[in-house]
Structures are given as C-alpha cells and as structure tokens.
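Work through the exercises below with the model open. Try each task before reading its solution.

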Amino acid sequence: MTNTYKHTNAIPGLLRERRFPPGKYLLVLMLMLSYSVRAELANELVRAAEQRLADYAAERDWLPYQAQFSPWLPAGAEHLPECTQALQFEAARADDEPWGRVPWLIHCPDKSGWSTRARVEVNVQMPVWVAKERLRRDQELTPAAVRLQSLSLERLYRGFVAGRKPPRQRLLRDLPAGAPLYPALLAPLWMVKKNEQVIIAAGGEGFVVTTTGLALENGSKGELIRVRNVGSQTVIQARVVAENRVQSLR
C-alpha cells in the first residue's frame with residue numbers, strides 16, 4: 001500500500017501528486033511534528049521575553065519602543081517529553097537588563113519533569129535623551145539643551161537616560177553634541193554655589209540661630225562644604241540641607 005502526499009506547485013490550479021514510500025512518509029510526518037513542537041516552545045519563550053521587557057519598561061515609564069525577539073533553543077528541544085503542567089520560564093540572570101543576548105531557563109514542573117537552557121536575542125529601539133549641543137562640565141541640564149532620539153539600546157554600553165522629561169541634574173564632564181546621556185555622567189544639582197550667600201543654621205535642643213555666610217565651594221544636598229561666616233569671618237564646615245541653606249557642624 002502506498003501513501004500519497006499532495007502539495008500545490010508554483011503554477012496556479014495545477015495539482016501534482018507525489019508518492020512516498022511508507023517509511024519516508026512517516027519520517028516527513030515526524031519532522032513536521034518536531035517542527036511544530038519546537039515552534040510552539042519558541043513562541044512561548046518569546047512571549048515570556050516580551051512580558052519581561054514590558055514590565056521593565058512600565059516600571060521606568062519608558063516612552064513607546066520597538067523590539068525584535070530572536071529565540072534560540074538547544075538541539076533536541078523538540079524531543080523533550082510532553083509537559084502536562086504549564087511550562088515555567090525564568091531569566092537565568094534575573095538582575096540583567098531584558099535586552100541584548102538574554103539567557104533563559106525553561107522548566108517542566110511535572111513529577112518526572114525536565115529543565116533546559118534557551119536564549120533570546122532582544123533588540124530594542126527607543127527614544128533616549130541626547131545632547132542637542134555641546135554641553136560643558138557642571139552645566140545644569142535644561143529642556144533646551146537636550147532632545148529625544150531613537151537609538152538601539154544594545155549599542156549604548158554605558159547605559160542611557162530615558163523618560164518623558166529630561167533629568168534635572170548636572171554634568172560631571174563635557175559631552176559632545178548628539179552624544180547620549182548616561183547615568184554615570186550625571187550628578188545632583190548644586191543646592192549651594194561657590195561665592196553665593198547662604199543661611200547658616202546652628203543650635204541645640206529647642207533653639208535655632210541663623211546667620212549669613214558665604215559659600216567657599218559648591219555643594220549638593222547632604223554634602224559638607226566650607227562656609228565663611230560673614231559676621232565673624234570664621235570659616236566653618238557645614239552640611240548642605242536645602243537651597244542656599246547649610247547646617248553648622250559646631
């Protein structure tokens with residue numbers, strides 16, 4: 001007995017029969033089933049990677065992004081035993097970013113379950129903040145100094161700054177026009193600036209005394225700076241507590 005496998009060739013309306021020996025037909029059927037199992041496993045893996053990226057983006061209030069997912073499964077994955085329970089997908093390194101080459105673990109929780117490794121190549125294109133013009137060290141960022149530009153995250157090795165509004169921070173070094181901002185480049189704004197007048201607060205339990213001082217250096221909130229008391233001309237160490245306000249350590 002001969003089994004018949006039919007397919008349509010490139011000429012519309014023309015149907016041609018091809019006859020396979022029984023053994024070859026069974027092999028073709030097994031290959032088709034293996035491909036189906038592998039494809040479904042890959043689809044579930046991609047859905048897990050998509051969800052992980054979406055959760056990460058939502059937590060950080062990202063602007064809309066575009067992403068491509070390329071799954072990889074080890075040889076023989078299509079021959080894994082059927083799992084009667086829902087498969088569990090877990091990023092192998094949970095603290096890593098959800099883009100780039102991301103390793104995954106797939107686990108079947110059946111009594112005689114199994115585990116296998118997999119990988120998803122995730123390419124993300126999204127708007128990030130870049131310098132609109134050349135920016136200088138210690139310059140405070142303003143909306144006029146930066147703009148959004150869609151870039152591939154995989155190429156931003158030092159990280160990036162995203163979000164609906166530019167950060168209200170200052171630069172630790174110069175940045176050329178068109179270059180993306182990145183976390184290590186940024187620092188809190190100066191709350192006290194060198195050669196500007198400040199209020200010095202001092203006191204003890206139940207009382208506070210204030211006087212006028214002159215900042216001898218820049219300072220962000222919580223930092224210690226040198227301040228000259230305008231009245232006594234004494235130089236003291238004080239902690240920055242608010243804009244143009246310091247707390248004496250004495």
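The exercises go from the whole chain to two single residues, and the model is a predicted one.

**Exercise 1. Overall make-up**

Task: State how many helices and strands the protein has, and what share of its residues is buried.

Solution:
- Start with the secondary structure. The protein has one helix and 14 strands.
- Then turn to burial. Of the 250 residues, 33% are buried.
- Finish with the surface. The protein exposes about 16,100 Å², and 51% of that comes from carbon and sulfur atoms.

**Exercise 2. Contacts along the chain**

Task: Take the contacts with a separation of 6 or more, and find what percentage joins residues 24 or more positions apart.

Solution:
- Residues 24 or more positions apart account for 49% of these contacts.

**Exercise 3. The backbone at Asp138**

Task: Find the sign of phi at Asp138, then place the residue in the fold.

Solution:
- Recall the background. Most residues other than glycine have a negative phi.
- Read the angle. Phi of Asp138 is near 70 degrees, a positive value.
- Locate the residue. Asp138 sits in the loop linking strand E6 (115-131) and strand E7 (146-152).
- Classify its exposure. The relative accessible area of Asp138 is 33%. The partly exposed class runs between 20% and 50%, so Asp138 is partly exposed.

**Exercise 4. The backbone at Asn244**

Task: Which loop holds Asn244, and is Asn244 buried, partly exposed or exposed?

Solution:
- Locate the residue. Asn244 lies in the loop between strand E13 (235-242) and strand E14 (245-248).
- Read the angle. Asn244 is not a glycine, yet its phi is positive, about 55 degrees.
- Classify its exposure. Asn244 has a relative accessible area of 27%, so Asn244 is partly exposed.

How values were computed:
Residues numbered from 1 in each chain as written. Predicted model: local features only at pLDDT ≥ 70, side-chain atom pairs only at ≥ 80, totals over all residues. Heavy atoms only, no water. Helix = DSSP H or I, 4+ residues; strand = E, 2+ residues; numbered from the N terminus. Buried < 20%, exposed > 50% of the residue type's maximum accessible area, 1.4 Å probe, protein only. Contact = heavy atoms within 4.5 Å. Areas by Shrake-Rupley, 256 points an atom, 1.4 Å probe, with all protein chains shown as cover.
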